[in-house]
Amino acid sequence: QQQQQQQPASRSAYEAAGLWSRVSFSWVGPLIHKGWHSLQLGPDDARFLLPQDTDAPQLSQQFETAYGKLKAKYAARGKHPNLTTLVLLRLYWPALLRHSFWVLCEVGIRLLSPLALREFLQWLQADSAAPGSSPAWRGWCWAVAVASGGICMTLVHHQFFWIGMRMGFCMRQQVVAAIHAKVLRLNSAAVAHANSGTIINLASNDVRRFDEGFSFWLFCWAGPLEAGMVLLMVSLELGFVPAICGMAAMLAVIPLQALLVRTVAGLRRNTAARTDERVRLTGEVIQGCLAMKMLAWEDPFTRSIRAIRQKEVAYSGRMAQIRGLNLALQFCMTPVVAFVTFSVYIAMGSKLNLPSVFYA
């Protein structure tokens, strides 16, 4: 075993992958091939894919080391900032920069693709009206640009989400390990106010925000940037008034979405409270199972736990309904904004054409 530890660790499939392999995710091919032929995959079959720095013990040690250094640094200054946030920013600022690069690429592709489509449609109209008036190579160039935009969007979009989801996963592992380490270091009196349900809820449900949030956090600044560029481009094509009306229609939904988010946050707090209560009561039942059987309290405890669980499921169901409504609003916004923009443009006495419709 000591000889194996002294040997250098072999490179993982991700570390050995080239640029195209990482962009196209072909480095996971061996896992897909194995699953296709064996039809059965175990927990350790994917271990060779990711590098060693994603292992939970190493992530935990990395977080604890950085946390200790920052804690000593700010303790000497007499300050008490949010150390968890500062530690995560210090550990993941290179990944955050890479994430920002890919989201800029995605925004650029989304802005340039309609431009290439407009030019291609204008070439088609000109060639249909007067065959041979526009060189064929120009049409082929714009057609290739339109197709390349779709291909590049596929590659860039998956890289963007891959980096964000992996970063959130690593942060979640580190925070879970920090919670466990903190609980084990404290004595029973220090954690008397926190029952087992609260700790389980922190380490299982609350940390999922890292997985959900770090795939979309960049749109806090990329969204306004893209909206401003779209407003400028549509203003140059259709005019400022139709463009601002379409933007106003999109912004009018933000208060409704904010209200839905606040409602979901309240439901999440209620769900967490019911989960804590259910876990606490279940733990007490397990610990006192002998006394419970002697006193024939099985049915009352069963009804209590079932009632708590029903409330928890009811809150979760309401959250799912609100999230579905929010998702429906996101999908219906594009046709609504297009309808408002084109309606104002026509009401001003202008005439739509095919390239402008697809461009705007």
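Glu 277 and Arg 274 join their side chains in a salt bridge, with N and O 3.5 Å apart. Both residues sit in helix H12, which spans residues 254-287. They are three residues apart, about one turn of the helix. Glu 277 has a relative accessible area of 29%, so this residue counts as partly exposed. The model discussed here is predicted.

## Salt bridges

How many salt bridges does the structure hold? The count is seven. Arg 118 takes part in a bridge with Glu 119, at 3.1 Å from N to O. Arg 118 also pairs with Glu 237, where the closest N and O atoms are 2.6 Å apart. This second pair links distant parts of the chain. Glu 237 belongs to helix H10, while Arg 118 belongs to helix H6 (residues 83-129). The two are 119 residues apart.

Is Arg 118 buried or exposed? Its relative accessible area is 14%, and buried means under 20%, so Arg 118 is buried. Its partner Glu 237 has 22% relative accessibility and therefore counts as partly exposed.

The table lists the three bridges described so far.

| Acidic residue | Basic residue | N to O distance |
|---|---|---|
| Glu 119 | Arg 118 | 3.1 Å |
| Glu 237 | Arg 118 | 2.6 Å |
| Glu 277 | Arg 274 | 3.5 Å |

Salt bridges can also form a network. Here, one network links Glu 106, Arg 110 and Glu 226.

## Aromatic rings

Next come the rings. The model has ten aromatic pairs. One of them joins Phe 161 and Phe 216. Their ring centres lie 5.3 Å apart. Their planes meet at 75°, and an angle over 60 degrees counts as edge-to-face, so this pair is edge-to-face.

Where do these two residues lie along the chain? Phe 161 is in helix H7 (residues 136-185). Phe 216 is in the loop between helix H9 (208-213) and H10. The pair is 55 residues apart and links distant parts of the chain. Phe 161 is buried because its relative accessible area is 17%. Phe 216 reaches 47%, so Phe 216 is partly exposed.

Trp 297 and Phe 301 form another pair. Their ring centres are 6.3 Å apart and their planes are at 45°, so the pair is tilted. Trp 297 is partly exposed because its relative accessibility is 43%. Phe 301 is also partly exposed, with a relative accessible area of 25%.

Ring pairs can join up as well. Phe 160, Phe 161, Phe 216 and Phe 219 are linked into a cluster in this way.

A charged side chain can also sit over a ring. Arg 77 lies over the face of Tyr 74, at 5.7 Å from the ring centre.

## A nonpolar patch on the surface

The surface carries a nonpolar patch of about 570 Å². Which residues make this patch? They are Leu 104, Trp 221, Leu 225, Met 229, Leu 232 and Leu 236. Helix H10 (residues 219-238) gives the most to the patch, with five residues.

Trp 221 is found in helix H10. Its relative accessible area is 33%, so Trp 221 is partly exposed. Patch residues need over 30% relative accessible area.

Helix H10 thus appears in two settings. This helix supplies five residues to the nonpolar patch, and it holds Glu 237, the partner of Arg 118 in helix H6.

Definitions and conventions: Residues are numbered from 1 along each chain as its sequence is written. This is a predicted model: local features need pLDDT of at least 70, side-chain atom pairs count only at pLDDT 80 or more; totals for chains, interfaces and linings use all residues. Side-chain values use heavy atoms; hydrogens and water are left out. Patches are made of residues with over 30% relative accessible area and no salt bridge: like charges are joined within 9 Å, nonpolar side chains (Val, Leu, Ile, Met, Phe, Trp, Tyr) within 5 Å. Accessible areas come from the Shrake-Rupley method with a 1.4 Å probe; for residues, only the protein chains shown count as cover. A salt bridge is a side-chain nitrogen of Lys or Arg within 4 Å of a carboxyl oxygen of Asp or Glu. Helices (H or I, at least four residues) and strands (E, at least two) are DSSP runs, numbered from the N terminus. Buried means under 20% relative accessible area, exposed over 50%, partly exposed in between (1.4 Å probe, protein chains only). Rings of Phe, Tyr and Trp (its six-membered ring) pair if their centres lie within 6.5 Å; planes under 30 degrees apart count as stacked, over 60 as edge-to-face and the rest as tilted. A charge sits over a ring if NZ of Lys or CZ of Arg is within 6 Å of the ring centre and within 35 degrees of the ring normal.
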